[in-house]
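Please open the model in your viewer and keep the sequence panel in view. The tour below goes stop by stop, with a selection to make at each one.

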Amino acid sequence: MVNVMELLEENRPFAESLIWDLQRRYYAEMGSAAWRLGEVPHYVTSNLRQANAYAEMIVALYKDHVRLVGMDAVARISILELGGGSGRMAFYMLQRLQVLCAWEGIALDAFRYVLTDFTQSNLDFWRIHPRFQKYFETGVLDIGLLDVTQPGPIALQISGELLGATASAAPLVVVANYLLDSIPQDLLFVHEDAIYPVAVSASLQGDAAAISPAEVLSALKLDYSIDTAAEKCYESAEINAVLEAYRGQVADAYVLFPAIAMRCLAQLRTFSQAGVLLLTADKGGHELGSVCFAHPPMLSTHGSFSINVNYHALHTYCGLGGGWHAFPAHPYYSINTGCMFFAADAPAYSFTQRAAEKYLDDIGPDTYFTLYKCVRTHLKTVEMRDILAALRLSFYDSHQLTIYSPRIAELLGNMRPGEIADLITVMHRCWENYFPLQEDLDLATTLGSICYAVDAYPWALFYFSQSTDIYGAYSGTFYNMAVCFHMLGDGAKAVAMLQKVVLYAPENEGAQALLAEYADVAV
């Protein structure tokens with residue numbers, strides 16, 4: 001029997017299409033597993049280099065705030081991350097903020113990081129994550145529910161405060177990291193001096209109720225139609241003013257229009273008397289020619305889906321109130337990162353503007369990610385010094401260490417003692433930045449094995465112990481620890497571990513043989 005195409009919706013406004021409901025269902029059902037299983041690509045926007053660029057701009061904003069109002073009038077700056085997902089980017093930003101604040105002599109609690117998402121399951125995951133506990137305990141981190149399509153004051157679940165109930169005297173930082181391409185956008189068609197809405201019809205071969213949201217999204221057939229009955233118009237005068245930027249400027253082109261993102265930003269601007277600094281990274285252009293297309297958009301599916309972000313519309317919206325924006329001056333290859341400051345006195349924030357220009361352009365995240373991809377492509381030929389240099393430039397990124405670890409294992413035999421000590425130091429700094437999501441690869445065991453191979457048994461024991469903390473008790477890990485204790489001459493601890501091994505894995509011949517060596521020896 002051949003399945004026929006079933007029409008799921010017909011001529012719906014693009015921003016109201018069922019694709020967005022499927023998107024929400026996917027994230028609500030998957031929770032942190034969307035990132036743990038690797039279905040949603042996120043390293044390109046969630047890495048320490050990206051986090052450092054954001055953190056540098058936030059520290060510059062604080063210094064501007066101090067300069068403009070005086071130290072006695074300085075208020076705490078809230079950093080509001082929208083759609084925090086796995087929480088990994090928040091951890092990276094807190095790690096980099098801690099380093100930068102120490103360098104600048106700024107107390108870390110000058111900032112409060114508020115991590116949000118629309119689904120409580122993600123908040124529950126963050127609340128118990130071991131890497132977040134020190135930040136919760138010091139009041140630097142809080143969590144709350146926020147739906148960017150219906151924003152309002154946020155009930156913070158740690159402190160009990162209501163963020164946004166009153167306008168803060170400090171600027172608000174808003175982080176939209178790999179988010180704006182995943183929330184509803186309008187689709188318009190510009191024809192000379194007319195701007196028309198575009199509708200979408202969706203059909204599927206098979207039964208949509210019998211398969212997962214991810215499977216539906218990957219199999220949908222979308223057809224588009226231009227509604228010429230009436231031109232597009234919004235209730236907001238500001239959003240209509242942005243819309244006018246396209247009238248007569250492009251001919252016969254489709255334009256994605258982020259009206260919902262603009263409405264969200266309008267609401268968040270009420271949270272602060274001093275303005276909003278938007279930090280964002282996504283795929284999408286910021287120049288007029290890069291946001292106009294001859295054909296309707298294609299959905300890029302990866303469990304969920306994403307489409308391009310119209311950063312040109314967003315920075316036009318920012319400029320209406322006297323704000324400024326910063327984007328790379330050169331083309332991006334993987335990810336576009338931008339900074340927009342919504343405030344009437346935005347030009348006064350000169351430290352922030354200079355930091356944005358510095359950390360988004362010459363040494364921007366996309367430039368660094370391009371280099372990372374180059375090193376990864378040639379990984380079979382790089383030397384240890386190349387790997388260590390790449391890890392230092394990454395600000396000790398544990399994901400990169402994971403990628404490089406097979407090559408590191410190949411190079412261990414040719415290392416000198418000084419290089420071994422350097423490798424161990426770099427690995428441990430990467431470990432301090434590790435945010436486990438219960439991925440299949442056990443990084444702790446990988447690092448423990450590397451340390452064992454270079455006779456660094458105390459370090460090997462440290463990582464094997466970390467593995468049991470994260471992944472639970474495993475006889476193979478106990479055996480590795482027993483051998484380390486044996487090599488260190490600690491027979492009592494070796495025997496204790498070996499006894500655990502043979503209890504749970506009596507077939508382990510290595511453990512049986514090593515235990516036999518201790519049979520007649522008092523330990």
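What follows is a walk through selected parts of a predicted model.

**Stop 1: a bent helix**

Select residues 398–411, which form helix 14. Its 14 residues reach 19 Å from the first C-alpha to the last, close to the 20 Å expected at 1.5 Å a residue. Where does helix 14 bend? Centre the view on Tyr404: the bend there is about 50 degrees, and the proline Pro406 follows within four residues.

Now go to the start of helix 14 and show the side chain of Asp397. One of the side-chain oxygens of Asp397 comes to within 2.9 Å of the backbone nitrogen of His399.

Next, colour the buried residues of helix 14: Ser398, Gln400, Leu401, Ile403, Tyr404, Ser405, Arg407, Ile408 and Leu411. Tyr404, the site of the bend, is thus also on the buried list. To see what these buried residues pack against, add helix 4 (88–104), helix 12 (365–377), helix 13 (384–393), helix 15 (417–432) and helix 16 (443–453).

**Stop 2: Leu97 in helix 4**

Keep helix 4 on screen and select Leu97, which is part of it. Is Leu97 buried or exposed? With a relative accessible area of 1%, Leu97 is buried. Leaving out residues up to four places away in sequence, Leu97 touches Ala55, Ile58, Val59, Ile79, Leu108 and Phe111. Add Glu56 and draw a distance between the C-alpha atoms: Leu97 and Glu56 are 7.9 Å apart in space but 41 residues apart in sequence.

**Stop 3: the largest pocket**

Select Tyr27, Gly83, Phe118, Leu179 and Ser182, which lie nearest the centre of the largest pocket among its 33 lining residues. The volume of this pocket is about 530 Å³. Helix 1 (18–30) and helix 4 are the elements that give two or more residues to its lining. Helix 1 has the largest share, with five residues.

**Stop 4: the largest cavity**

How many cavities of 30 Å³ or more does the whole structure hold? A search finds three, and the largest of them contains about 60 Å³ of space. To outline the largest cavity, select Leu82, Val148, Ala176, Leu179, Leu180, Ile183, Ala261, Cys264, Leu265 and Leu278. Helix 9 (residues 259–268) gives the most to this lining, with three residues. Leu179 appears here in the cavity lining and was also selected at the pocket.

**Stop 5: two residues with positive phi**

Select Tyr178, in the loop between strand 7 (172–177) and strand 8 (186–191). Tyr178 is not a glycine, yet its phi is positive, at about 55 degrees. Its relative accessibility is 17%, so Tyr178 counts as buried.

Then move to Asp455, in the loop between helix 16 and helix 17 (457–471). Asp455 is another residue other than glycine with a positive phi, near 65 degrees. Asp455 counts as exposed because its relative accessibility is 51%.

**Stop 6: His315**

Finish by selecting His315 in helix 10 (residues 311–320). At 13% relative accessibility, His315 falls under the 20% cut-off and so counts as buried. Which residues is His315 in contact with, leaving aside its neighbours within four places in sequence? They are His286, His325, Phe327 and Met340. For His286, show the backbone as well: its backbone oxygen lies 2.8 Å from a polar atom of the His315 side chain.

Conventions:
Residues are numbered from 1 along each chain as its sequence is written. This is a predicted model: local features need pLDDT of at least 70, side-chain atom pairs count only at pLDDT 80 or more; totals for chains, interfaces and linings use all residues. Side-chain values use heavy atoms; hydrogens and water are left out. The expected span of a helix is 1.5 Å times one less than its number of residues. The bend at a residue is the angle between axes fitted to the seven residues ending there and the seven starting there. Buried means under 20% relative accessible area, exposed over 50%, partly exposed in between (1.4 Å probe, protein chains only). Contact means heavy atoms within 4.5 Å. A polar contact is a pair of N or O atoms within 3.5 Å; within protein, one must be able to donate a hydrogen and the other to accept it, and residues adjacent in sequence count only if both atoms are side-chain atoms. On a 1 Å grid over the protein atoms alone, a cavity is a set of points where a 1.4 Å probe fits but cannot get out, and a pocket is an open set with protein on both sides within 12 Å along at least five of seven lines; lining residues have an atom within 4 Å of a point. Grid points are joined across faces, edges and corners, and a volume is the space filled by probe spheres set on the points.
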